[in-house]
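Please look over the sequence and the model before reading on. The briefing is meant for someone who has not met this structure before.

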Number of protein chains: 2
Amino acid sequence: MHTSSEALAPLSMAERKRRLVRDQLGEVALHLVARQGYEETTVDQIVAAAGVSRRTFFRYFKSKEDIVVESVSDLGAAIRAELAARPTGEGPEAAVRAAFAVAAEQLTLEPEKALPLTRLMFDTPALHRRFLEHQSVLQEELAAELARREGLDVDEDLGPALVAGVALTAFQVAVEAWTRHNGDGDLNLLIDEAFSRTNPGAAARRRATEPG
Amino acid sequence: MHTSSEALAPLSMAERKRRLVRDQLGEVALHLVARQGYEETTVDQIVAAAGVSRRTFFRYFKSKEDIVVESVSDLGAAIRAELAARPTGEGPEAAVRAAFAVAAEQLTLEPEKALPLTRLMFDTPALHRRFLEHQSVLQEELAAELARREGLDVDEDLGPALVAGVALTAFQVAVEAWTRHNGDGDLNLLIDEAFSRTNPGAAARRRATEPG
DNA sequence: CCTTCCATGGCACTCGGTGTCAAGTATGCT
DNA sequence: AGCATACTTGACACCGAGTGCCATGGAAGG
């Protein structure tokens, strides 16, 4: 029968079912949360609407918060991936700026989905905390990658952690401003402004230290 | 009798008792947490050791986390107060740097207390989240104060939020490095390095824009 | 056809946190 | 002094998140 095709497509049946349930759970949850608010939505309501047991919910998501915060994880992964893919010749600030550009792109692609989500995460304390935590680990990961690029020890040299942290701050401030203005302005412009104002000498320094 | 002395000291009896209970609660809790770890210490254990009821605990602390995170609040308050007290002539970066100096002082005063606490908060996820949340609101408060100083609108100009965020990042990176090195190095030197590396042009710009 | 594996559901339990009420105690007024 | 008032406390009940455990059922595989 399909034994051979199964070998070719290792994600069959069981795995597909898993994804289905997970997606269904996420969709239902986001819908409920959008209508009632996060704190007002209980796990029991979610699982009732999704038609699974309470126990199953916690097999798919480690916590109720995870279901909302997942999107941030994806964004972080995209940023990390882009940074890892930047050419090694590029300076750290430029590479990081480029990495955050893909995040901006992802946010501006469908603002009607991204804006409510960011608002939800800024306004709900529990979610905000988780968001900040994600930012924190992302900062460490970016710092590690920057250190790797430049052959530095992230435990000895403050540089990588500082560049990562400052970039994250710039990004965060830009996104917050963008959110406050209901996504009206150009997010990329805001990010450009934030990055250049946090790193006023970067361009000049890059020019000076690059081999002529 | 002491009726007159009571009038002179408006915080009498009731208030003193409150403080006593609160201190006792905090002391016992920190002791238990230091011995067993945070997650492993239940509120019931704390209240049993302190000799009060469970309900009373939550009248003094809004959550179990608060009992540990309080010290961060104090540090934040000190930073804010110092920033508010800086002379208006001082540039924003310099003022903020001075404000964080008092925090460094407070940390280095008794490292044998500060170090374990910071470690606890970095290593315990729930506490780390709360710590990051505190940092986040501190960032907003500092940004607001900076905006006030310079007559800017914190919702329109990215500057204040950026300066506050970058300073916080620098401070955080410095403290983390200091913690990693078991408080061996000079924290103030680390902060100096972090601040100057995140703001390489600040001194030059300040010199240039100051009236000759 | 039989076995083995895995997802699920149900259950009981822990723990953090809150609302409510009753009792005790200091304070203030007469 | 005596009484009314407000505040603190403790006890109880309750909720919601999260976990461990076990039984069941259905799919994959020999």
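The points below go from the whole model to the contact between the chains, and then to one helix and one residue.

This is a predicted model, and chain A has an average pLDDT of 89, with 88% of its residues scoring at least 70. Residues 1-10 of chain A have a pLDDT below 50, and beyond near neighbours in sequence this stretch has one contact in the model. Where pLDDT is low, the predicted coordinates should not be read in detail.

**Overall build of chain A**

- Chain A contains eleven helices and zero strands, so that its elements, read from the N terminus on, run α-α-α-α-α-α-α-α-α-α-α.
- Of the 212 residues in chain A, 31% are buried.
- When contacts in chain A between residues at least 6 apart in sequence are considered, 58% of them join residues at least 24 apart.

**How the two chains are related**

- A turn of 180 degrees, with a shift of 0.0 Å along the axis, lays chain B on chain A with an RMSD of 0.1 Å, and that is the relation of a two-fold axis.
- The copies meet through the same surface, because 100% of the interface residues of chain B are also interface residues in chain A.

**The contact between the chains**

- Chain B gives 25 residues to the contact and chain A gives 25 residues.
- On the side of chain B that touches chain A, the elements that give two or more residues are helix 8 (125-150), helix 9 (159-180) and helix 10 (187-198) of chain B, and the largest share, eleven residues, comes from helix 9.
- By class, this side of chain B has ten nonpolar, eight polar and seven charged residues.

**Helix 6 of chain B**

- Helix 6 of chain B covers residues 92-109, and its 18 residues should span 26 Å at 1.5 Å a residue, which agrees with the 26 Å between its end C-alpha atoms.
- Buried residues in helix 6 of chain B include P92(B), V96(B), F100(B), A104(B) and L107(B).
- An α-helix has 3.6 residues a turn, so residues three or four places apart point the same way.

**V166(B), a residue of helix 9**

- V166(B) is found in helix 9 of chain B, and this residue is buried, with 26 other C-beta atoms within 10 Å, where 20 or more are needed to count as buried.
- Leaving aside neighbours within four places in sequence, V166(B) is in contact with V166(A), T169(A) and T198(A) of chain A, and with T198(B) and N199(B) of chain B.
- V166(B) and A194(B) are 28 residues apart along the chain, and their C-alpha atoms are separated by 9.9 Å.

Key:
Residues are numbered from 1 along each chain as its sequence is written. Chains are lettered from A and ligands numbered from 1 in the order in which they are written. This is a predicted model: local features need pLDDT of at least 70, side-chain atom pairs count only at pLDDT 80 or more; totals for chains, interfaces and linings use all residues. Copies are superposed by least squares on the C-alpha atoms of residues with pLDDT of at least 70 in both. Two residues are in contact if their C-beta atoms, placed from the backbone, lie within 7 Å. pLDDT is the predictor's confidence in each residue, from 0 to 100. Helices (H or I, at least four residues) and strands (E, at least two) are DSSP runs, numbered from the N terminus. Ala, Val, Leu, Ile, Met, Phe, Trp, Tyr, Cys and Pro count as nonpolar, Asp, Glu, Lys and Arg as charged, and the others, Gly among them, as polar. A residue is buried if 20 or more other C-beta atoms lie within 10 Å of its own, exposed if 12 or fewer, and partly exposed in between; C-beta atoms are placed from the backbone. The expected span of a helix is 1.5 Å times one less than its number of residues.
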